[in-house]
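Got the viewer open? Let's take a short walk through this one, selecting a few residues at a time.

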Amino acid sequence: MADSIQVEHDPDTERLEALGVFDWPVWEKEASEFPWTYDGRETAYILEGEVTVTPEGGEPVVIRAGDLVTFPDGMNCHWAIHRDVRKHYRID
């Protein structure tokens with residue numbers, strides 16, 4: 001479904017290059033917990049770390065290094081970073 005978190009585990013390098021992932025900005029955050037609301041559709045490629053993202057009224061989604069993730073525009077959620085995160089990201 002388009003309004004849920006989409007996770008693609010270990011996409012190949014060709015797919016990442018086609019998306020331009022390695023040219024996207026990098027975001028880093030230490031282990032922590034916080035609420036978040038997406039202002040736009042975000043696509044992220046997790047370089048390091050592990051996080052559980054729980055959408056408001058939804059099931060928790062575990063995201064790890066090597067995952068390509070899409071977060072829907074307007075989603076309210078809770079982030080629980082278990083291991084420091086580094087990610088490339090793009091907001092549409």
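Which residue in E7 is the bridge partner of Val-26? Select Val-26 and look across to E7: the partner is His-88. Keep in mind as you go that this is a predicted model.

Now widen the selection to the strand E2, residues 26-29. E2 and E7 run antiparallel, and 4 bridges join them.

Next, color strand E7, residues 76-91, because we'll keep coming back to this strand. Add E3, which covers 32-37. E3 is joined to E7 by 6 bridges, again antiparallel. For one of these contacts, click Ser-32, whose bridge partner in E7 is Ile-81.

Then bring in strand E4, residues 42-55. This strand pairs with E7 over 12 bridges, in the antiparallel sense. To see one pair up close, pick Glu-48 and find Arg-86, its bridge partner in E7.

Last stop: the largest pocket. Select Trp-27, Phe-34, Trp-36, Thr-37, Tyr-38, Asp-39, Gly-40, Glu-42, Trp-79, Lys-87, Tyr-89 and Ile-91, and you have its lining. Strands E3 and E7 are the elements that give two or more residues to that lining, and E7 provides the largest share, with 4 residues. How many of the lining residues are nonpolar, polar and charged? Color by type and you'll find 7 nonpolar, 2 polar and 3 charged. The space in this pocket comes to about 190 Å³.

Note on methods. Residues are numbered from 1 along each chain as its sequence is written. This is a predicted model: local features need pLDDT of at least 70, side-chain atom pairs count only at pLDDT 80 or more; totals for chains, interfaces and linings use all residues. Side-chain values use heavy atoms; hydrogens and water are left out. On a 1 Å grid over the protein atoms alone, a cavity is a set of points where a 1.4 Å probe fits but cannot get out, and a pocket is an open set with protein on both sides within 12 Å along at least five of seven lines; lining residues have an atom within 4 Å of a point. Grid points are joined across faces, edges and corners, and a volume is the space filled by probe spheres set on the points. Ala, Val, Leu, Ile, Met, Phe, Trp, Tyr, Cys and Pro count as nonpolar, Asp, Glu, Lys and Arg as charged, and the others, Gly among them, as polar. Two strands pair if DSSP finds at least two bridges between them.
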